[in-house]
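Visitor: I am new to reading protein models, and I would like to go through this one with you step by step. Could you take my questions in turn and show how each answer is reached?

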Amino acid sequence: MSPTVTDKTTTTQIRPRYEGSNICTWIGFKHVNYMVEEAVLDHLRQRGFPAGALYERYGLCTDITDLDTKILTAFHIDDLATATVKEVAHDGPELRLAVEFTVDRGKPVRAVKSKVSVSLRLDPHGFDAEDAPAELAPHVVDAISAPSDKVVPITVGDADPLDLLTAGRNAFGWAWRMPYFYCHFTERVQMSGYLRQMEEILDLFVEDRGVSIKTLLDEQNWIPVVPHSRITFLAEAKMEETLYTVFTVEDIFKRYTFTARMDCYVLRDGVLVPTATGKITHGWAVIENRKDWSLVNFDDRLTDALTGKAGVISGRGTV
């Protein structure tokens, strides 16, 4: 099917990437968000604003700065999903988009709903560039940042940053140098980099609590499922900076799902600067056959691990 564009609304078809088919043929939340990102980039392309040309001609870096995705139906590796992307009126500098995916299950079934914000960040490297097109000018920013009341820097002093960030909390901390392949436009961590961080710290957290992904697969045939995730940029994290990421359990709902917060910081001149925050809703399902699964209630071992009861110790990662 050919993509179409009507009144700032576009449709296109996208398949999940093979890399995201990690357990049986189901697609994980990170790669579902990659599909949302592809739909947004294709929307801009159809509207006459491809990301490559925006950078090369106008010095504009296309940055997804807020990504809020609900998964309603699981994707399988061979699915062909139809994406509809619609621009949403908004007073702020971000371009706001609503993204929906449907998939064929004998009839069209709504699979994903996502709210996305896009900023066009001026490239700081000083090469010649044309002025931004008039339609895009309101969305151009000098830097990616959140209002100051939403960003609270933390003075470290002599404390260890991870100890400071996890003290007294049901949390796990991890510090890791940001490699170039988590970045884009030559300098900054991009949204997919933070999605990798969210997936990685979740994996490290459950392993630290004695209920690793493989443990529950081997012993109970349980798999992780993520129906909702959100990541919001607060400031810019740069290539090769150490990102301090903290995963904090916030709530367990009827032993069925739990929600956790991810907070990311960089350390500059003795101060931890928040660069991103996010939330994830997580559950487990039992594999019924090669195609089907169903959600399960948490058992005592899993509940105790998530709540940090005696015998379960919050952990910390290293660079």
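Visitor: Which residues of helix H6 are buried, and where do they lie when the helix is seen down its axis?
Guide: In this predicted model, helix H6 covers residues 300-307, and its buried residues are Leu302, Thr303, Ala305 and Leu306. Seen down the axis of H6, these buried residues fall within an arc of 165°, so the place where they lie is one face of the helix.

Visitor: What covers the buried residues of H6?
Guide: The cover is made by both helices and strands, and it includes helix H4 (191-208) and helix H5 (213-220). Among the strands that take part are E14 (222-233), E15 (242-253), E16 (257-268) and E17 (271-287).

Visitor: Which residue follows H6, and what is its phi near?
Guide: The residue that follows H6 is Gly308. The phi of Gly308 is positive, and its value is near 70°.

Visitor: Lys254 lies in the loop between E15 and E16; is Lys254 buried or exposed?
Guide: Lys254 is a residue other than glycine with a positive phi, near 50°. A residue counts as exposed when its relative accessible area is over 50%. Because Lys254 has 67% relative accessibility, it counts as exposed.

Visitor: Cys24 also has a positive phi, near 50°; where does Cys24 lie, and is it buried, partly exposed or exposed?
Guide: Cys24 lies in the loop between strand E3 (21-23) and strand E4 (26-27). Buried residues are under 20% relative accessible area and exposed ones over 50%, with partly exposed in between. Since the relative accessible area of Cys24 is 35%, Cys24 is partly exposed.

Visitor: Which residues touch the most other members of the largest nonpolar core, and which element gives the largest share of that core?
Guide: The core has 74 residues, and those that touch the most other members are Phe75, Phe101, Val116, Tyr194, Phe247, Phe258 and Trp284. As for the elements, nine residues of this core come from one helix, and that largest share belongs to H4.

Visitor: How many residues are in the second, separate core?
Guide: The members of this second core include Leu162, Leu165, Ala171 and Ala175. Counted in full, the number of residues in it is nine.

Visitor: On which face of strand E7 does Phe101 lie, the covered or the uncovered one?
Guide: Strand E7 runs over residues 95-104, and its uncovered face holds Arg96, Ala98, Glu100, Thr102 and Asp104. Phe101 touches residues including Ile14, Met35, Phe75 and Val112, when residues up to four places away in sequence are not counted. Together with Leu95, Leu97, Val99 and Val103, Phe101 lies on the face that is covered.

Visitor: How many bridges join E7 to strand E8, and which residue of E8 is the bridge partner of Val99?
Guide: E7 and E8 (residues 108-122) run antiparallel, and the number of bridges that join them is 10. The hairpin of E7 and E8 has three residues between the strands, and there Gly106 takes a positive phi near 90°. In E8, the bridge partner of Val99 is Ser114.

Visitor: Which residue of E7 stands opposite Thr84?
Guide: E6 and E7 pair in the antiparallel sense over seven bridges, and they form a hairpin with six residues between them. Within E7, the residue that stands opposite Thr84 is Glu100.

Visitor: Asp79 is in the loop between strand E5 (60-71) and strand E6 (81-88); is Asp79 buried or exposed, and which side chain does its own side chain join in a polar contact?
Guide: A residue is buried when its relative accessible area is under 20%, and Asp79 is therefore buried, since its relative accessible area is 12%. A polar atom of the Asp79 side chain lies 2.7 Å from the backbone nitrogen of His76. The side chain of Asp79 is also joined, by a polar contact of 2.8 Å, to the side chain of Arg105.

Visitor: What is the mean pLDDT of the protein, and over which residues is the pLDDT below 50?
Guide: The mean pLDDT is 93, and 95% of the residues reach 70 or more. One stretch, which has 12 contacts in the model beyond near neighbours in sequence, has a pLDDT below 50, and it is residues 1-5.

Note on methods: Residues are numbered from 1 along each chain as its sequence is written. This is a predicted model: local features need pLDDT of at least 70, side-chain atom pairs count only at pLDDT 80 or more; totals for chains, interfaces and linings use all residues. Side-chain values use heavy atoms; hydrogens and water are left out. Buried means under 20% relative accessible area, exposed over 50%, partly exposed in between (1.4 Å probe, protein chains only). Helices (H or I, at least four residues) and strands (E, at least two) are DSSP runs, numbered from the N terminus. The arc is that of the directions from the helix axis to the C-beta atoms. Contact means heavy atoms within 4.5 Å. A nonpolar core is a set of buried Ala, Val, Leu, Ile, Met, Phe, Trp, Tyr and Cys residues joined through side-chain atoms within 4.5 Å. A polar contact is a pair of N or O atoms within 3.5 Å; within protein, one must be able to donate a hydrogen and the other to accept it, and residues adjacent in sequence count only if both atoms are side-chain atoms. Two strands pair if DSSP finds at least two bridges between them. pLDDT is the predictor's confidence in each residue, from 0 to 100.
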